[in-house]
Amino acid sequence: MNTKKKLVVSFKNLSPELQEEVKKQYPLGFSEKMMRIDLGPDKFFYAVPFETDDTSYLVKINVKIDTKVDDEDEKDYFDEDGEIKDAEEIADQLDEDDED
């Protein structure tokens, strides 16, 4: 019985030929098969499985996580009564846009 080697490797460290094979296996991207591998508190990486005849890979994929808060998310849209600020002006503007 011949067992496959098991390797964890970054996508960028694969040979160009293997990179192309990985891309062929995932033509629509990695998001559906990507898994998070936890290494301990605050240490993790994302990877996708990839198989060749003699090796089983976990291919590390660099994932950019957007932690920046958008200023729009920080706006206060409600007044102290829980009512939408400037609701009447917004409604008037929408009515004007519908008339155009």
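## Getting to know this predicted model

The side chains of T55 and D54 make a polar contact at 3.1 Å. That small detail is a good place to step into this structure, which is a predicted model. From there, this briefing moves out to the loop beside T55, the sheet, the nonpolar core and finally the whole chain.

**Around T55 and T52**

- T55 belongs to strand β4, while T52 sits in the loop that runs between β3 (43-51) and β4 (55-61).
- D54 has a polar partner in T52 as well: the side chains of T52 and D54 are in polar contact at 3.1 Å.
- Is T55 buried or exposed? T55 counts as buried because its relative accessibility is 1%, and the cut-off for buried is under 20%.
- T52 has a relative accessible area of 18%, so T52 also falls under the 20% cut-off and is buried.
- Leaving aside residues up to four places away in sequence, T55 touches K4, K5, L7 and F50.
- With those sequence neighbours again left out, the residues that T52 touches are K4, L18 and Y57.
- For a sense of distance, T52 and V22 are 30 residues apart along the chain, and their C-alpha atoms are separated by 10.0 Å.

**The sheet**

- Which order do the strands take in the sheet? Four strands line up as β1-β4-β3-β2 to form an open sheet, and their pairing is mixed.
- At the edges are β1 (5-10) and β2 (35-40), each of which pairs on one side only.
- On average, neighbouring strands of this sheet are turned by 35° against each other, with direction ignored.
- The strands β3 and β4, which flank the loop holding T52, pair in the antiparallel sense over six bridges.
- If you would like to find a bridge for yourself, look at V48, whose bridge partner in β4 is V59.
- Helix α1 packs on the sheet and touches β3 and β4. The direction of α1 makes about 85° with that of β3.

**The nonpolar core**

- How many residues make up the largest nonpolar core? There are 12 residues in all: V9, F11, L14, L18, V22, Y26, F30, V48, F50, Y57, V59 and I61.
- The elements that each give two or more residues to this core are α1 (16-25), β3 and β4.
- Of the contributing elements, β4 gives the most, with three residues.
- V9, one of the core residues, touches L14, Y57, L58, V59 and K60, not counting residues up to four places away in sequence.
- Some names from the first group return here: L18 and Y57, both touched by T52, are among the core residues. F50, which T55 touches, is also part of this core.

**The whole chain**

- The protein chain has three helices and four strands, and along the sequence they follow the pattern β-α-β-β-β-α-α.
- Of the 100 residues in the protein chain, 19% are buried.
- Taking contacts between residues at least 6 apart in sequence, 41% join residues at least 24 apart.
- The chain exposes about 8800 Å², and carbon and sulfur atoms supply 48% of that area.

Terms used
Residues numbered from 1 in each chain as written. Predicted model: local features only at pLDDT ≥ 70, side-chain atom pairs only at ≥ 80, totals over all residues. Heavy atoms only, no water. Buried < 20%, exposed > 50% of the residue type's maximum accessible area, 1.4 Å probe, protein only. Contact = heavy atoms within 4.5 Å. Polar contact = N/O pair within 3.5 Å; in protein donor to acceptor, adjacent residues only side chain to side chain. Core = buried A, V, L, I, M, F, W, Y, C linked by side-chain atoms within 4.5 Å. Areas by Shrake-Rupley, 256 points an atom, 1.4 Å probe, with all protein chains shown as cover. Pairing = 2+ DSSP bridges. Axes fitted to C-alpha atoms, helices over the stretch in contact; angles between N-to-C directions.
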